[in-house]
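I opened a fresh page to record what I looked up, entry by entry, for someone who has not met this structure before.

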Amino acid sequence: MKAVLLGTTAGGGFPQWNCACALCVRARSGALPSRSQDCLAISGNGTDWWLVNASPDIRTQIAACSFLDPGPGARDTPLRGALFTDAELDHTLGLLTLRGGAGLTVWAPGPVLHALQDQFDLRTVIDGYAPVAWRQVEADQSFSLGGVRVSAIPISGKRPKYARSSTVDGHWVVAYRFEDLDSGGVLVYAPCLASWPSGFDEVVAGADCVLLDGTFYAASEMGSATGSSSGQAAMGHLPMSASLPELRRFPSVRRIYTHLNNTNPVLDPSSPEFSKVREAGVEVPLDGTVIEL
């Protein structure tokens, strides 16, 4: 099983287009590496590839990843579809770029499919170009995709802003567990973690590699970085300062932070916060990192 970190930051990327915080200024100057919005590509057989979320940066991300090169036919592609962890725009809008792809399948929890159809109408737009097969992910079931067994782990009921009026209840946010059917290797992808939920210890302990929500380092980070009230607490992301002590309890698991906000000081490898994360044995890799299990 191979997984590629196509992008590693939260919505807006790094630097964020409308932000002049100290970190974004340094990224624009070239002092810090730029990063694109969070997205994962995964394959169990090296032939069939699946996106986990589809960021607005997906065209550039695909072009930068040789595993996803088209061919051998003029319109052939190794991309078979996408799995959505939630209905956030920065995790789903990339599907519009893939609208010309034939035979794509999208997997997502029921509330997410509902939001994309009834709140945002993305499904109607996409199906007007090349029909997509939409499949509902159930928390108590698993399914196989090209040599990988996939299961969804309910994380929270947080809805995106555009779906706040929705009356649909259920699992709006999930993590995914990927198990290679040949090697037995297990990867868990949880880019949106509002808390450390009950039972998540067992999920982490049973994995070889965990990609975890690293949006913020501290609970009041956005306000401090931008000088304004940010509403960060309502965004549904457990800060590293709270998750890092939990991750320290699993030294035998490869632990990786992804989905970093542009205000997160760990984007600077010389920062004290980055040093604390690395001292705990947790990684903060760049876009393009390949994981093999």
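**Entry 1: a pair of charged side chains.** In what kind of contact do the side chains of Asp-201 and Arg-249 meet? I noted before answering that this is a predicted model. The two side chains meet in a salt bridge, and I read 2.8 Å from N to O. I then looked up where the partners sit: Asp-201 belongs to helix H6 (residues 200-205), while Arg-249 lies in the loop between helix H8 (240-247) and E12, so that the pair links distant parts of the chain, 48 residues apart. For exposure I wrote down that Asp-201 is partly exposed at 28% relative accessibility, and that Arg-249 is partly exposed as well, with a relative accessible area of 42%.

Arg-249 came up once more, since its side chain also meets that of Glu-246 in a salt bridge, at 2.6 Å from N to O. Glu-246 is partly exposed, its relative accessible area being 23%.

**Entry 2: other salt bridges.** I looked up the total and found that the structure holds 10 salt bridges. Among them is the one between Asp-268 and Arg-26, whose closest N and O atoms are 2.7 Å apart. This pair too links distant parts of the chain, with Asp-268 in the loop between strand E12 (254-258) and helix H9 (272-279) and Arg-26 in helix H1, 242 residues apart. Is Asp-268 buried or exposed? I found Asp-268 buried, with a relative accessible area of 10%, whereas Arg-26 is partly exposed at 33%. I also noted a network of salt bridges that links Arg-149, Arg-177 and Glu-179.

**Entry 3: helix H1.** Having met H1 through Arg-26, I asked which residues of helix H1 (residues 22-29) are buried. They are Leu-23, Cys-24 and Ala-27. Looking down the axis of H1, I see that these buried residues fall within an arc of 95°, and therefore they line one face of the helix. I set beside this the general rule that an α-helix has 3.6 residues a turn, so residues three or four places apart point the same way. On the other side of H1, Ala-22 and Ser-29 are exposed. Just after the helix, Gly-30 takes a positive phi of about 90°.

**Entry 4: the sheet.** I traced an open sheet of seven strands with mixed pairing, in the order E7-E8-E9-E10-E11-E12-E13. Its edge strands are strand E7 (142-145) and strand E13 (282-283), each of which pairs on one side only. E7 and E8 run antiparallel and are joined by four bridges; in one of my checks, Phe-143 had Val-150 of E8 as its bridge partner.

**Entry 5: the cavity.** How many cavities of 30 Å³ or more does a search of the whole structure find? The search finds one, and about 40 Å³ of space lies in this largest cavity. I listed its lining as Ile-42, Ser-43, Gly-44, Trp-50, Leu-83, Leu-145, Val-148, Val-150 and Phe-178. The elements that give two or more residues to this lining are strand E2 (39-43) and strand E8 (148-156). Sorted by kind, the lining residues divide into seven nonpolar, two polar and no charged. I noted last that Val-150 ties two entries together, because it appears in the cavity lining and is also the bridge partner of Phe-143.

Terms used
Residues numbered from 1 in each chain as written. Predicted model: local features only at pLDDT ≥ 70, side-chain atom pairs only at ≥ 80, totals over all residues. Heavy atoms only, no water. 1 Å grid on protein atoms, 1.4 Å probe; cavity = no way out; pocket = protein on both sides within 12 Å on 5 of 7 lines; lining within 4 Å. Points joined across faces, edges and corners; volume = space filled by probe spheres on them. Nonpolar A, V, L, I, M, F, W, Y, C, P; charged D, E, K, R; others polar. Buried < 20%, exposed > 50% of the residue type's maximum accessible area, 1.4 Å probe, protein only. Arc of directions from axis to C-beta. Salt bridge = Lys/Arg side-chain N within 4 Å of Asp/Glu carboxyl O. Pairing = 2+ DSSP bridges.
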